[in-house]
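Visitor: I would like a close look at one part of this model. Please take me through the salt bridge and the parts around it.

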Amino acid sequence: MKEDEIPDMVAIAQSSPGVMAVNASIIIGYRVAGIRGALATVFGTVLPPMVILSVISVFYRQFRDNRIVALVFQVDIILIIISCGLIGGIWSRWEGRAKREVRK
């Protein structure tokens, strides 16, 4: 693989439907080792997060009725709402600045 091919691969991975990391791994794996390389990179990209989430879900089932765990998830929801508000505020400022720039 040459250095000048990488931007083209990234562009193809971004424009293809699906997760970009998986798309990029398919392209790179195929370029390096053909079909076997593409399959190996897909499994290498998808399998670790799948295993981690499966382990987390098993432990969550055991502790979901715990008061502390429930409180942590309630705090997470509050933080997500606050984050959305902050992002919305920043976006509206940027939009206001952009409109002023267009008027000039």
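Guide: Start with a definition. A salt bridge is a side-chain nitrogen of Lys or Arg within 4 Å of a carboxyl oxygen of Asp or Glu. Keep in mind that this is a predicted model.

How many salt bridges does a search of the whole structure find? The search finds 1. Its partners are Arg-31 and Glu-5. From N to O, the two side chains are 3.4 Å apart. That falls within the 4 Å cut-off, and so the pair counts as a salt bridge.

Where do the partners sit? Arg-31 belongs to helix α2, while Glu-5 lies in the segment before α1 (6-15), so the pair ties together parts that are 26 residues apart in sequence. Is Glu-5 buried or exposed? Glu-5 is partly exposed, because its relative accessible area is 22%. Buried would need a value under 20%, and exposed a value over 50%.

Charges are spread beyond this pair. The chain has 12 positive side chains and 8 negative ones. The centres of the two sets lie 9 Å apart.

Now the segment before α1. Met-1 lies there. Its relative accessible area is 58%, so Met-1 is exposed. Met-1 still has contacts beyond its neighbours within four places in sequence: Met-9 and Ile-28. Compare that with Gln-14. Met-1 and Gln-14 are 13 residues apart in sequence, and their C-alpha atoms are 19 Å apart in space.

Next, helix α2, the home of Arg-31. This helix covers residues 20-63. Take three of its residues in turn.

Asn-23 lies in helix α2. With a relative accessible area of 11%, Asn-23 is buried. What does Asn-23 touch, leaving aside its neighbours within four places in sequence? Its contacts are Ala-13, Ser-16, Pro-17 and Gly-18.

Ser-25 is also found in helix α2. Its relative accessible area is 10%, under the 20% cut-off, so Ser-25 is buried. Set aside the neighbours within four places in sequence, and Ser-25 is in contact with Thr-41, Val-42 and Thr-45.

Val-32 has its place in helix α2 too. Here the relative accessibility is 64%, so Val-32 counts as exposed. Gly-85 is 53 residues away from Val-32 in sequence. From C-alpha to C-alpha, these two are 45 Å apart in space.

Step back to the whole chain. Its secondary structure comes to 3 helices and 0 strands. From the N terminus on, the order is α-α-α. The C-alpha atoms fill a box of roughly 60 × 50 × 20 Å along the principal axes.

How does the chain compare with a compact globule of 104 residues? Such a globule would have a radius of gyration near 13 Å. The chain has 22 Å. Of its 104 residues, 9% count as buried. The chain exposes about 9000 Å², and carbon and sulfur atoms supply 68% of that area.

Contacts complete the picture. Consider those in the chain with a separation of 6 or more. Residues 24 or more positions apart account for 12% of them. Arg-31 and Glu-5, at 26 residues apart in sequence, are tied together by their salt bridge.

Note on methods:
Residues numbered from 1 in each chain as written. Predicted model: local features only at pLDDT ≥ 70, side-chain atom pairs only at ≥ 80, totals over all residues. Heavy atoms only, no water. Helix = DSSP H or I, 4+ residues; strand = E, 2+ residues; numbered from the N terminus. Buried < 20%, exposed > 50% of the residue type's maximum accessible area, 1.4 Å probe, protein only. Contact = heavy atoms within 4.5 Å. Rg over C-alpha atoms; globule rule 2.2 N^0.38 Å. Areas by Shrake-Rupley, 256 points an atom, 1.4 Å probe, with all protein chains shown as cover. Lys, Arg positive; Asp, Glu negative; His and termini not counted. Charge placed at Lys NZ, Arg CZ, Asp CG, Glu CD.
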